[in-house]
Amino acid sequence: MIPLDLAGGFCVAKDLTWLEDRQAVTDRMAALGAKSVRSDIRWLKVQPSEDVWDWSVPDDAIDAATASGLEYIAMLGYGVPWASSETDDDSYYPPDDPADFAAFAGAAAERYKGVVGRYEIWNEPNAGYRFWKTNFDGDAEAYGALFLAAEEAIHAADPDAKVLIGGTFFHEQVIPGTVTFLSDMLAAHPEILERADGVGMHPYTLYPPHTSPEDDSDEEIPFWEMVEQLRELTGDLPIVITEMGWPSWDPVDEDDQAHWLAREMLLAQAEGISDLCWYTLYDDEEPSNQEGAFGLTRSDESWKPSGEAFAALAERAASASEVGAVADMPDGAWGVSYGEAGTAFWGEGEVCGETLGPEVLWVDP
């Protein structure tokens with residue numbers, strides 16, 4: 001058993017900076033049992049041109065989170081067209097000079113010192129087709145240079161801040177996965193391991209996510225093997241799951257989504273990972289594809305089974321002081337103990353006269 005640290009704990013990954021009703025949204029997160037929100041501080045909104053600075057949007061987002069009692073885990077990104085020679089209007093190109101991004105990162109750390117304690121540098125930089133558009137595979141060496149410049153500027157402004165390597169999509173699926181991307185980054189910049197305070201992780205199954213966290217069929221990787229592979233690269237760096245989730249989109253129904261949420265969160269805590277950011281809060285009103293169906297609540301604000309599972313697990317975890325995997329479980333069955341707060345079982349077989357299944361079964365001491 002290991003201590004269960006809920007300093008950040010249950011988290012929702014949702015960019016508040018595009019919203020108008022931010023306070024209602026953060027209050028909703030808190031009602032679900034969230035302790036933190038992983039949200040953006042977007043360079044383009046803060047510094048739309050080289051000589052113009054406007055902090056009003058992140059100020060309001062951070063104020064809303066704070067008023068709801070949530071920690072704001074800030075994702076710093078993305079680019080600004082004025083700093084890139086490769087685009088005139090696309091904010092997903094990185095800057096030509098990492099120092100430009102570092103100036104923004106340092107200014108954010110100076111402004112929010114004592115309010116924001118953790119900064120994630122970029123989101124999925126291995127997704128070059130979407131978030132790091134210099135080429136389809138991203139650019140691990142260039143991302144590493146930008147990370148180091150940002151880390152130096154943030155720690156100069158706020159030595160107590162934690163700077164996280166940006167979460168990457170784990171699988172090798174069209175783009176390079178976490179292992180390839182981080183290996184290339186560390187080969188070019190090995191000092192990152194000494195200077196980073198943590199590493200983001202996005203343990204989605206093959207996209208679109210549609211299998212359980214324990215699945216090892218075909219090219220799927222069970223959750224605990226993802227963690228093992230990441231730790232082989234990053235050693236003792238704390239892991240923060242800055243995005244995780246499944247859409248309730250055929251073939252995954254709302255009950256599947258809820259069962260897998262609880263199981264992966266328990267597996268993560270048993271691996272010593274305490275920050276678990278579910279993507280995202282609300283479903284789209286009429287989802288046109290799986291991207292609009294990851295939410296914990298429906299568009300009418302009614303809780304989905306996943307929202308109920310998130311809230312129930314957060315409540316139980318709050319009464320636990322330790323967590324650990326149950327040893328010697330039979331094949332096809334899993335167990336995670338919260339000590340005096342109960343033990344969760346799922347899978348195949350029987351426990352205490354109860355038949356196991358996909359839904360977590362809690363057995364109290």
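This passage looks at strand S2, its neighbours and the disulfide that starts from it, in a predicted model.

Strand S2 covers residues 10–13. Its side chains take turns: Phe10 and Val12 point one way, while Cys11 and Ala13 point the other way. That fits a simple rule, as side chains in a regular strand alternate between the two faces of the sheet. Whichever way they point, these S2 residues are all buried.

S2 has partners to pair with. One of them is strand S3 (residues 36–42), which runs parallel to S2 and pairs with it over three bridges. Here Ala13 has Arg38 of S3 as its bridge partner. Helix H1 (residues 22–31) joins the picture too, since S2, H1 and S3 make up a right-handed β-α-β unit. Strand S9 (residues 276–278) is another partner of S2, again in the parallel sense and over three bridges. In this pairing, Val12 sits opposite Trp278.

S2 and S9 also share a covalent link. The structure has one disulfide, and it joins Cys11 to Cys277, with an S to S distance of 2.2 Å. Because Cys11 belongs to S2 and Cys277 to S9, the pair ties together parts that lie 266 residues apart in sequence. The torsion about the S-S bond of Cys11 and Cys277 is about 90°, so this disulfide is right-handed.

And how hidden are these cysteines? Cys11 has 0% relative accessibility, so it counts as buried. Cys277 also comes out at 0%, and therefore counts as buried. Cys352 is another story: its relative accessibility is 64%, so Cys352 counts as exposed.

Key. Residues are numbered from 1 along each chain as its sequence is written. This is a predicted model: local features need pLDDT of at least 70, side-chain atom pairs count only at pLDDT 80 or more; totals for chains, interfaces and linings use all residues. Side-chain values use heavy atoms; hydrogens and water are left out. Buried means under 20% relative accessible area, exposed over 50%, partly exposed in between (1.4 Å probe, protein chains only). Helices (H or I, at least four residues) and strands (E, at least two) are DSSP runs, numbered from the N terminus. Two strands pair if DSSP finds at least two bridges between them. A crossover is right-handed if, with the strands pointing away from the viewer, the path from the first strand over the helix to the second runs clockwise. A disulfide is a pair of cysteine sulfur atoms within 2.5 Å.
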